[in-house]
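User: Hey, I'm new to this one and would like a quick tour. Can you walk me through it?

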Amino acid sequence: MIPNDTSTSLIMIFGATGDLAKRKLYPSLYHLYKKGKLAEKFAVIGTARRAWTHEQFRENIKESIITFVGTNDQIDDFASHFYYQPHDVTDSNSYIQLKKLAEELDTKYSLQGNRIFYLAMAPEFFGTIADHLKSDGLTETIGFKRLVIEKPFGHDLESAESLNAQIRQSFAEEEIYRIDHYLGKAMVQNIEVIRFANAFFEPLWNNRYISNIQITSSEKLGVEERARYYEKSGALRDMVQNHMLQMVALLAMEPPIRLTTEEIRSEKVKVFRALRPIEGDEVEKYFVRGQYDKGTIDNNEVVGYRDEHNVVPQSNTETFVAGKLMIDNFRWAGVPFYIRTGKRLTTKSTKIVIQFKNIPMNLYNKNEQLSPNLLVIHIQPEEGITLHVNAKKSGRNIQTKPVKLNFSNEADNGINTPEAYEKLLYDCLHGDATNFTHWDEVALSWRFVDKISEVWENKQSSFPNYKAGSMGPFEADKLLQQDNFSWWDVTDLDVENC
Ligand SMILES: NC(=O)c1ccc[n+]([C@@H]2O[C@H](COP(=O)([O-])OP(=O)(O)OC[C@H]3O[C@@H](n4cnc5c(N)ncnc54)[C@H](OP(=O)(O)O)[C@@H]3O)[C@@H](O)[C@H]2O)c1
């Protein structure tokens, strides 16, 4: 049940001096504030080790808004809701101080005891913080209590299970909001609407009419400052276990009977249960890993992964993954879902291509295959949908040419759609957990991914195997060629090229 006026809340941010808080959380809270979605009754306590005062913290909040939002409109009033408490996550005294401040602010802003604990910190602290929140009395409150956890949720199934067991000592499953920020993206949320609100898609959305689905999430950036984390994670854990598999679930799930959190999650879980496990010798047949070598991006020479700061010279960490997933249920039997993600690729782009089966014959030219119909969902940086259809070429002879029907979210609204974090914070304030991941989804996706990493970790790779600025190793192309498909060139599919 959603309580009244749930935007009234105390938000406690652990890791308040960090990068995520500065770049995403404060700008998102500011947008909500400006849109009147935070009400007057909200307060934020930021915590971290450094000994800042409230004033210093507020100055940093303002700086973040000016830098990342580009305005100072009502900035003093906004920042006046922010308080800072120096904090050591392992020390009970810190939590006792925090509780005192929380109670003061609760009274000052009439917050009805509602509390959101946002853990924007390194994952090794998640369990400890959850324990202290309970043992030091912060979870004892008359209002709601919600725990927001950043990724990664564990390193594998075993560690995720033990983290989950630990936080469940302090929070019930429905009070835990596990962030997968892809689920806050406008076009990811749109997948469901495109499928279930259009008469012409849903009847075709199955193995009779779809030949394959391709999901590409490519980055131009290298590992940047994240090598310490990334060396232990790699692309499989960093991207596939969460974002890529979540998109697969949304594309493949059955229509929920109602648009409630429980019904949608239950349909997504069924997809994960139907995902064919890939293990042992099969891993090489279904999955390709890669690591970038030096190369050229935007005319700049860039170094290979093994020469990046904090990366070991013989690193076996993958910066690229391509895979073929099979969903063994009635709707999808026989339809490959190809996924591909990596760093230092040609372009920054997340796109989904739904390729429809060829029609039985080409009436217009018996010697040529007609271009297949495609539905392209542009997730980022562009947001939109393109439908590729065949139409008549102008001229006296009847010849066909592919044309593209295009919808661009940005063009339609005239402005960029809200940042994913803004939507997710709003949902959390309102007790809507639909766009957060349930434990069952997390566990099943780790189970799938663990079987692949087990094989990879025990076998030295022949890295580096793709040039920075390319679209990954040659084997990723072969993965589709053996099924008589090929990757659609994501740059060709860009809205501006339509
Ligand atoms: N940055 C992103 O864009 C991004 C995107 C997706 C997910 N994430 C996830 O978000 C989380 C935070 O990432 P981040 O990039 O913001 O990390 P970060 O910049 O390293 O920030 C870490 C924060 O934790 C505080 N901290 C560290 N040790 C502490 C301790 N013992 N007690 C109290 N506070 C402590 C740090 O402040 P002090 O040094 O002052 O203590 C700092 O505020 C991670 O789980 C990350 O995987 C980040």
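Analyst: Sure. A word on burial before we start: a residue is called buried when its relative accessible area is under 20%, exposed when it is over 50%, and partly exposed in between. Also keep in mind that this is a predicted model.

User: Okay, so where does Q112 fall, with a relative accessible area of 41%?

Analyst: Q112 comes out as partly exposed, because its 41% lies between the two cut-offs of 20% and 50%.

User: Where is Q112 found?

Analyst: Q112 sits in the loop between α4 (92–109) and β4 (115–119). Its backbone is worth a look too: phi is positive, about 55°, although Q112 is not a glycine.

User: Which other non-glycine residue has a positive phi of about 55°?

Analyst: R344 does, and it isn't a glycine either. You'll find R344 in the loop between β13 and β14 (349–356).

User: Is R344 buried or exposed?

Analyst: Buried. R344 has a relative accessible area of 12%, and the cut-off for buried is under 20%.

User: Switching topic: how many aromatic pairs does the structure hold?

Analyst: There are 26 aromatic pairs. One of them is Y30 with F78, an edge-to-face pair with 5.2 Å from centre to centre and 80° between the planes.

User: Why does that pair tie together parts that are apart in sequence?

Analyst: Because Y30 belongs to helix α1 (residues 19–34) while F78 belongs to helix α3 (residues 75–79), the pair links parts that are 48 residues apart in sequence.

User: And are Y30 and F78 buried or exposed?

Analyst: Y30 counts as buried at 1% relative accessibility. F78 is buried as well, with a relative accessible area of 0%.

User: Got another pair for me?

Analyst: Try Y338 and W487. Their ring centres are 6.1 Å apart and the planes stand at 65°, so this pair is edge-to-face. Planes over 60 degrees apart get that label.

User: Where do Y338 and W487 lie?

Analyst: Y338 is in strand β13 (residues 336–342), and W487 is in the segment after α14 (474–481), so the pair ties together parts that are 149 residues apart in sequence. Y338 counts as buried at 0% relative accessibility, and W487 counts as buried at 11%.

User: Back to Y30 for a sec. Which residues form one aromatic cluster with Y30?

Analyst: The cluster is made up of Y26, Y30, Y33, F42, W52, F57, F78, F82 and Y84. So F78, the partner of Y30 in that edge-to-face pair, is in there too.

User: What about charges over rings?

Analyst: Here are two. R146 lies over the face of F144, at 3.5 Å from the ring centre. The charged end of R58 sits over the ring of Y83, 4.9 Å from its centre.

User: Now helices. What is the span of α13?

Analyst: Helix α13 (residues 439–457) has 19 residues and should span 27 Å at 1.5 Å a residue; its end C-alpha atoms are 25 Å apart, which agrees.

User: Where is the kink in α13 centred?

Analyst: On D450, and the kink is about 25°.

User: How many cavities of 30 Å³ or more does a search of the whole structure find?

Analyst: The search finds 1 cavity of that kind. About 140 Å³ of space lies in the largest cavity.

User: What lines the largest cavity?

Analyst: There are 14 lining residues, and F153, Q241, N242, T437 and V442 lie nearest the centre. Both α8 (227–252) and α13 supply at least two residues of the lining, and α8 gives the most, with 3 residues.

User: Which residues does a cis peptide bond join?

Analyst: One cis bond joins K151 and P152, with omega at about 0°. P152 lies in the loop between β5 (145–149) and α6 (157–168). Another cis bond joins F463 and P464, with omega at about -10°, and P464 is in the loop between α13 and β18 (466–467).

User: Last one: how far apart are R276 and I45?

Analyst: They are 231 residues apart in sequence and 45 Å apart in space, C-alpha to C-alpha. R276 is in the loop between α9 (261–274) and α10 (282–286), and its relative accessible area of 27% makes R276 partly exposed.

Methods:
Residues numbered from 1 in each chain as written. Predicted model: local features only at pLDDT ≥ 70, side-chain atom pairs only at ≥ 80, totals over all residues. Heavy atoms only, no water. Phe/Tyr/Trp six-rings, centres within 6.5 Å; stacked < 30°, edge-to-face > 60°. Helix = DSSP H or I, 4+ residues; strand = E, 2+ residues; numbered from the N terminus. Buried < 20%, exposed > 50% of the residue type's maximum accessible area, 1.4 Å probe, protein only. Lys NZ or Arg CZ within 6 Å of the ring centre and 35° of its normal. Expected span 1.5 Å × (residues − 1). Bend = angle between axes of the 7 residues up to and from the residue. 1 Å grid on protein atoms, 1.4 Å probe; cavity = no way out; pocket = protein on both sides within 12 Å on 5 of 7 lines; lining within 4 Å. Points joined across faces, edges and corners; volume = space filled by probe spheres on them.
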